[in-house]
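Welcome, and please take a moment to open the structure beside this text. The paragraphs below walk through it one region at a time.

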Amino acid sequence: MRGMNHQHKVHKVVQLLSQTIHAFQEERGTLCLYLSDFTEMNLKAFKSKVKNTDGLIDQLHELIQLSAAANNQYLTKNIDKVQQSLKHFISRATFRKEVKDLSITAGEALMFYSHQIINHLVCLMIEIILAIKPDKSLAISALSNFVKWKERIGRERALGSMGINMEQFNSDVFLHDFEMILDEQQINKRTFLALASEHQKVLFNQLFIEQLEIEAVHKQIEKAQAPKIKAQFWFDLLSQKMHMMHHLENHLITALFSNRVKVSHPNDVPMFNEKEQLEVEDCLLFRGLSTQVKQKLLQSSNIKKYKKGSLLFLEGEQASRIYVVISGWVKIFKSSSDGAEKIEHMLTSGDVVIESSIFESSNYNNSAQVSVEGRLLSFPAAIYRHWVSQDLTLALNSLKYLSQTANQYQLQVEANRVKSTKERVGHFLLKQFVVQKNPNTIMLPYEKTIIASLLDMKPETFSRSLKSFKNEGLSSEKQQIQVRNMKMLCEYCDKEIAQSCQFKQQHDCQFNESTNQLRTNPQHTFKSCS
């Protein structure tokens, strides 16, 4: 029992060591990106990665102390080497704390991280696993090749970013170095698959995702063509692949410490439940897709819970992901030079955060932020673009959705232009009333300041307008509107709302009659869709 407990502790050390290696790879990548393009955004990203790595190092030191292995000298020796390697690297890498005074080039940074810390930690991690699991040497050799494969992808990410920023893909020497990294990756991949156990192969087949857009760039490079993409986009593409590889690595490590491993999806929270899955599949983007295409998109997806205020992306950033809202609310907006926001859309369950820029591998035209805490499914734009080019149904669904979204925005702009303040507020309240299907109450779905911006008015104007409905049967308190007279809301109805109104058959609704009848009956005074 004591041995089992000790193995569990060593397993935790190995998993944390794997996370630390991954953090150093991210740190190396962001530093190379910054040293080849001195922007404030790149510098901020590097500082953030350093902070994250330091936190993991502290956790690792603490866990190692708790997992001291007096009965296994070989294991103890390698764990001590981990601490020594970290201490030696931190003492030499003074630039991590004094970023403004960098006296290191991008190429030097790549070599320094690779040879002074990452390679050391990779070797020590494998040695620690061998010390505790000597009977699984073949599977451990397979893992070793997988981890080295991942590390070479990390170098490819850093080197490619530098090459694009510094326009080095025209250099024969640079191309030779880059192609050598790609060749080494293939060697590691083939060796991993040759040595892998049946269980490891099952994990690989379930969790490995081909990055089609990366392969397209590789083909350009093989033809001696410089990649026609931005460095940040390249960095993001390779980062997606690195995260996928890291998730798979964690499962391969766990498999060595356990006879039976349940494969989970690489998300921060469990995959959606049955009800949520039905909602996602009923979304226009997924409607009518073949099982194969649907599975491929969902296999590359990531589900995450987002807190209120979380930014999904900012205007001008590389368009790299598509989001499907499972729950909560997301606002799509533009920011003016003075910091003011103009909200263009509010999206909720079943809506898709997608722009035409996704098709062009260009930049986002708007910003997106979570306004009400919720869960979002997202998948890489590169995967999406591939399947749009392969599947007619997905292509048509995408066009329909973009057309629908553009039409809704145009209607909102037109309503804001021609309708009075009260009409805009009344129309908004009626729409919420019909959607929420509560005959007595309307809950404002998000903050009043957001509603005001969406309706193109000041917050105080919206508040005054709400109060003006009091004498007509509506009373408001904070986010809740009490409805005492449903019929008065019908004054603000239109055909779109009437189509989904569950109360219109109970009243003399104007939209139960033909348009011609309405035109010939100007005395029709009772308008009801509720």
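**A walk through the model**

K201 and E198 sit three residues apart in helix 7 (residues 198-207), so about one helical turn separates them. Keep in mind from the start that this is a predicted model. The side chains of K201 and E198 come together in a salt bridge, with a distance of 4.0 Å from N to O. How exposed are these two partners? K201 has a relative accessible area of 30%, which means that it is partly exposed. E198 has a relative accessible area of 60%, so it counts as exposed.

That pair belongs to a wider set, for the count of salt bridges comes to 13. One of them joins the side chains of E184 and R152, at 2.9 Å from N to O. This pair ties together distant parts of the chain: E184 belongs to helix 6 (residues 172-195) and R152 to helix 5 (residues 137-165), and the two are 32 residues apart. E184 is partly exposed, because its relative accessibility is 25%, and a residue has to fall under 20% to be called buried.

Another salt bridge links R287 with D282, whose closest N and O atoms are 3.9 Å apart. Both partners can be placed on the accessibility scale: R287 is at 42% and therefore partly exposed, while D282, with a relative accessible area of 48%, is partly exposed too. Elsewhere, E27, D54, R96 and K97 are joined into one network by salt bridges that share partners.

Let us turn to the strands. Strands of a sheet pair through backbone hydrogen bonds, in either a parallel or an antiparallel way. In this model, four strands form an open sheet in the order 2-7-4-5, and their pairing is antiparallel. Which strands lie at the edges? They are strand 2 (311-313) and strand 5, each of which pairs on one side only. From one strand to the next, the twist averages 30°. Looking at one pairing in detail, strand 4 (residues 329-335) and strand 5 run antiparallel to each other and are connected over six bridges. Within this region, S335 stands opposite E341 of strand 5.

Just along the chain is a loop worth a look. The loop between strand 2 and strand 3 (321-325) holds L314. Its relative accessible area is 36%, so L314 is partly exposed. Where the sequence places L314 and S367 53 residues apart, the C-alpha atoms of the two are 4.2 Å apart in space.

Two other loops contain a backbone feature to look for. Most residues other than glycine have a negative phi. E167, although not a glycine, has a positive phi of about 55°. You can find E167 in the loop between helix 5 and helix 6, and at 66% relative accessibility it counts as exposed. D456 is also not a glycine, and its phi is positive at about 60°. This residue is in the loop between helix 16 (448-454) and helix 17 (459-468). With 45% relative accessibility, D456 is partly exposed.

Now move to helix 13 (residues 381-390). Is this helix largely enclosed or largely open? Seven of its 10 residues are buried, and therefore helix 13 is largely enclosed by the rest of the structure. The buried residues are A381, A382, I383, Y384, R385, W387 and V388.

The last stop is an empty space. Rolling a probe the size of a water molecule over the atoms shows where such space is left. The second largest pocket holds about 1,500 Å³. It is lined by 44 residues, and those closest to its centre are M346, Q408, K431, V435 and E496. Which elements each supply at least two residues of this lining? They are helix 10 (274-282), strand 5 (341-347), helix 14 (392-418), helix 15 (421-436) and helix 18 (495-499). The largest share, 11 residues, comes from helix 14. Strand 5, met earlier as an edge of the open sheet, thus returns here as a contributor to the pocket lining. By chemical character, the lining of the second largest pocket divides into 19 nonpolar, 13 polar and 12 charged residues.

Technical notes. Residues are numbered from 1 along each chain as its sequence is written. This is a predicted model: local features need pLDDT of at least 70, side-chain atom pairs count only at pLDDT 80 or more; totals for chains, interfaces and linings use all residues. Side-chain values use heavy atoms; hydrogens and water are left out. On a 1 Å grid over the protein atoms alone, a cavity is a set of points where a 1.4 Å probe fits but cannot get out, and a pocket is an open set with protein on both sides within 12 Å along at least five of seven lines; lining residues have an atom within 4 Å of a point. Grid points are joined across faces, edges and corners, and a volume is the space filled by probe spheres set on the points. Ala, Val, Leu, Ile, Met, Phe, Trp, Tyr, Cys and Pro count as nonpolar, Asp, Glu, Lys and Arg as charged, and the others, Gly among them, as polar. Buried means under 20% relative accessible area, exposed over 50%, partly exposed in between (1.4 Å probe, protein chains only). Two strands pair if DSSP finds at least two bridges between them. Axes are lines fitted to C-alpha atoms, for helices over the stretch in contact, and angles run from 0 to 180 degrees between N-to-C directions.
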